[in-house]
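Me: Please take a close look at the second largest cavity and describe what surrounds it. I would welcome one connected account.

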Amino acid sequence: MRFDSVLASVVGIGLAATACGDPDLSDQLSGYGQAIEAILAREPAPVDADDTRGMQLPTRRERRIDVPDHRMGGMDFLAIQGCRLSQLVGSRNGPMGRVMVPSRRLVYELEVLEAADECLEGLSDGRAARLGGTLAAKRAELPAHLWNAVWMGEEIEGYLSSMTGPMALLSSDDGQAGLDGAVAVLERPLESAQDALELEAALAELRSEHAFGPMLGSLHLVRRTLNRVADLLETSPPTGCRGDAVRLASAFETHYLRLQAPLATLDRRVHARLEALDRLFDASSAGVTGVPDAMSRYATEQLSPRHPTGAWARYREAVRRHAQAWEPTLVLCGVLPDAEAA
């Protein structure tokens with residue numbers, strides 16, 4: 001029996017299944033690890049305090065790209081009275097305009113650029129040149145405003161927060177329409193205020209979707225458990241189907257096989273969202289000069305489904321290692337007899 005056959009059985013049983021939701025997946029994982037430790041008479045592994053480092057979304061200060069405010073002189077402002085630009089500038093200087101959320105600021109910046117052309121006609125050469133220079137600077141700053149609209153909003157904070165329980169919300173099916181919608185808007189040219197409004201609406205949908213941060217926490221817990229079991233099995237290779245090997249085979253069937261449906265659901269949902277978040281990051285950072293270092297690291301370590309040292313790659317390596325560590329026991333004790341056919 002080849003390792004890839006065992007891997008197909010150990011990992012693939014239930015890839016199309018959905019989680020039943022009870023008991024809690026974290027409890028099942030804990031019980032699985034404890035069962036293997038008990039059979040092999042090993043103490044629980046110490047928790048590495050640094051093991052979760054980098055999982056949290058960087059702080060707002062670490063995510064923000066600062067964009068300067070552009071000031072218009074009083075006489076220049078009076079000169080544009082009567083065109084829509086004056087109304088926009090006036091609202092920006094009002095109480096609500098001073099506290100615009102980043103997504104609304106992006107809408108405003110695009111509205112300003114749309115309204116500007118009608119104001120240029122009729123201005124003196126000096127005023128037209130000053131306004132034209134301001135508009136050119138604003139156009140160059142659009143990528144930064146777009147970045148802030150995506151990564152500085154409460155919607156993405158709530159979606160990526162890992163402050164809630166790590167094994168939540170795997171029992172019912174859920175979608176990712178908001179995430180996919182935001183990606184769709186960003187992967188086409190963002191040219192109008194209407195485009196920005198569509199992005200804002202898509203991001204708002206994240207509030208009603210299952211948060212992704214707890215799923216990342218789940219992935220971390222699964223990886224840690226599978227690696228711990230692999231450590232134990234690798235240091236206690238069986239010499240025949242007797243004693244500990246029999247008890248291990250029984251624990252595999254009793255504890256691990258029932259984890260297949262929820263783990264398959266987690267695998268599928270996390271990978272789909274990582275693919276979308278990776279595209280979201282790439283599209284939102286296109287044209288940005290100086291993506292914040294903390295966000296570059298976070299995107300690489302947590303959101304990338306392809307980076308060789310990212311969370312997804314480390315998880316998949318743990319899955320492969322776990323399956324390989326079980327192979328001698330499963331072969332000797334005849335567990336999963338249909339694995340060769342898989």
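Reply: On a 1 Å grid over the protein atoms alone, a cavity is a set of points where a 1.4 Å probe fits but cannot get out, and its lining residues have an atom within 4 Å of a point. The model is predicted: local features need pLDDT of at least 70 and side-chain atom pairs count only at pLDDT 80 or more, while totals for chains, interfaces and linings use all residues. Residues are numbered from 1 along each chain as its sequence is written, and side-chain values use heavy atoms, with hydrogens and water left out.

The second largest cavity is lined by Met-55, Leu-216, Leu-219, His-220, Arg-223, Gln-302, Ala-311 and Arg-314. Helix H11 (213-234) and helix H15 (311-332) are the elements that give two or more residues to this lining; helices are DSSP runs (H or I, at least four residues) numbered from the N terminus. H11 provides the largest share, four residues. By character, the lining has four nonpolar, two polar and two charged residues, where Ala, Val, Leu, Ile, Met, Phe, Trp, Tyr, Cys and Pro count as nonpolar, Asp, Glu, Lys and Arg as charged, and the others, Gly among them, as polar. The volume of the second largest cavity is about 70 Å³, taken as the space filled by probe spheres set on grid points joined across faces, edges and corners. A search of the whole structure finds three cavities of 30 Å³ or more.

H11 and H15 also appear in what covers the buried residues of H2 (buried: under 20% relative accessible area, 1.4 Å probe, protein chains only). Among those buried residues are Leu-29, Tyr-32 and Ile-36.

Methods: On a 1 Å grid over the protein atoms alone, a cavity is a set of points where a 1.4 Å probe fits but cannot get out, and a pocket is an open set with protein on both sides within 12 Å along at least five of seven lines; lining residues have an atom within 4 Å of a point. Buried means under 20% relative accessible area, exposed over 50%, partly exposed in between (1.4 Å probe, protein chains only). Contact means heavy atoms within 4.5 Å.
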